Amino acid sequence: MVCKDLVKFVIDPDKCTACGACKRICPTGAAQGEKEVVHRIEQELCIKCGACHEVCPPKAQAVMIVPAHAEHNGGGD
Ligand code: SF4
Ligand code: SF4
């Protein structure tokens, strides 16, 4: 992966199955969401460890690594 300062992790709301795996593994509480509701990543809290990306089920692949300056914030508001 390129320099972490240049990327951010966002959840694609169209792919997220709300399984909660990212929320459970996230060390900072940045990955947030309620049961059966699309999850989101609070960028202010995210340390870009990549754990959510690792744990997101292959069939969902909802956690995206995108350029840090991208407008996309994963939605979910
Ligand atoms: S990259 Fe790490 S800190 Fe950021 S949301 Fe994912 S698990 Fe949490
Ligand atoms: S691990 Fe992936 S599918 Fe599961 S809640 Fe997080 S982003 Fe959504």
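K48 is buried, with 20 other C-beta atoms within 10 Å. I should say at once that this is a predicted model. K48 sits in the loop between strand 3 and helix 2, the helix covering 51-55. Its backbone is also worth a look. Phi of K48 is near 60 degrees, a positive value, and K48 is not a glycine. For background, most residues other than glycine have a negative phi.

There is a second residue of this kind. E36 has a positive phi of about 65 degrees, and E36 is not a glycine either. Is E36 buried or exposed? E36 counts as exposed because there are 9 other C-beta atoms within 10 Å, and the limit for exposed is 12 or fewer. E36 belongs to the loop that runs between strand 2, residues 31-32, and strand 3, residues 40-41.

E34 is in that loop between strand 2 and strand 3 as well. E34 is exposed, with 10 other C-beta atoms within 10 Å. From E34 to C19 the separation in sequence is 15 residues, and the C-alpha atoms are 9.5 Å apart in space.

Now the overall layout. The protein has 2 helices and 4 strands. Read from the N terminus, the order is β-α-β-β-α-β. Of the 77 residues in the protein, 26% are buried. Then there is the matter of how far apart in sequence the contacting residues are. Taking contacts between residues at least 6 apart in sequence, 62% of them join residues at least 24 apart.

Strand 1 comes next. How many of its 5 residues are buried? The count is 4, and strand 1 is mostly covered. Strand 1 and strand 4, residues 63-67, run antiparallel, and 5 bridges join them. One residue to follow here is K8, which is found in strand 1. The bridge partner of K8 in strand 4 is V66.

K8 is buried because 20 other C-beta atoms lie within 10 Å, and buried requires 20 or more. Leaving aside neighbours within four places in sequence, K8 is in contact with Q43, C46, K48, V66 and A68. So K48, where I started, is on the contact list of K8. K8 and I47 are 39 residues apart in sequence, and their C-alpha atoms are 9.1 Å apart.

Q43 is on that contact list too. Q43 is placed in the loop between strand 3 and helix 2. It counts as partly exposed, with 14 C-beta neighbours inside 10 Å. Between Q43 and V10 there are 8.3 Å, C-alpha to C-alpha, and the two are 33 residues apart in sequence.

On to the nonpolar core. In soluble globular proteins, nonpolar side chains tend to be buried together. Here the largest nonpolar core has 14 residues, and those with the most contacts inside it are I11, C22, A31, I41, C52, C56 and V63. Which elements each supply at least two residues of this core? They are strand 1, residues 7-11, and helix 1, residues 21-25. The largest share, 3 residues, comes from strand 1.

V63 gives a view from inside that core. Apart from neighbours within four places in sequence, V63 is in contact with F9, I11, C22, C52, H53 and C56.

Helix 2 contains V55. V55 is partly exposed, with 16 other C-beta atoms within 10 Å. Its contacts, again leaving aside neighbours within four places in sequence, are A21, C22 and I25. V55 and K23 are 32 residues apart along the chain, and their C-alpha atoms are separated by 9.8 Å.

Last, the ligands. Which residues are closest to ligand 1? Ligand 1 is surrounded by 15 residues, and C26, A30, C46, C49 and C52 are the closest. By class, the shell of ligand 1 has 12 nonpolar, 2 polar and 1 charged. Around ligand 2 there are 16 residues, of which C16, C19, C22, C56 and A60 come nearest. That shell has 12 nonpolar residues, 4 polar and no charged ones.

Some names come up again at this point. C52 is among the closest residues to ligand 1, and C52 is also among the core residues with the most contacts. C22 and C56 are among the nearest to ligand 2, and both are on that core list too. C19, which I paired with E34 earlier, is another of the nearest residues to ligand 2.

Terms used: Residues are numbered from 1 along each chain as its sequence is written. Chains are lettered from A and ligands numbered from 1 in the order in which they are written. This is a predicted model: local features need pLDDT of at least 70, side-chain atom pairs count only at pLDDT 80 or more; totals for chains, interfaces and linings use all residues. A residue is near a molecule or strand if its C-beta atom, placed from the backbone, lies within 6 Å of it. Ala, Val, Leu, Ile, Met, Phe, Trp, Tyr, Cys and Pro count as nonpolar, Asp, Glu, Lys and Arg as charged, and the others, Gly among them, as polar. A nonpolar core is a set of buried Ala, Val, Leu, Ile, Met, Phe, Trp, Tyr and Cys residues joined through C-beta atoms within 7 Å. Two residues are in contact if their C-beta atoms, placed from the backbone, lie within 7 Å. Two strands pair if DSSP finds at least two bridges between them.
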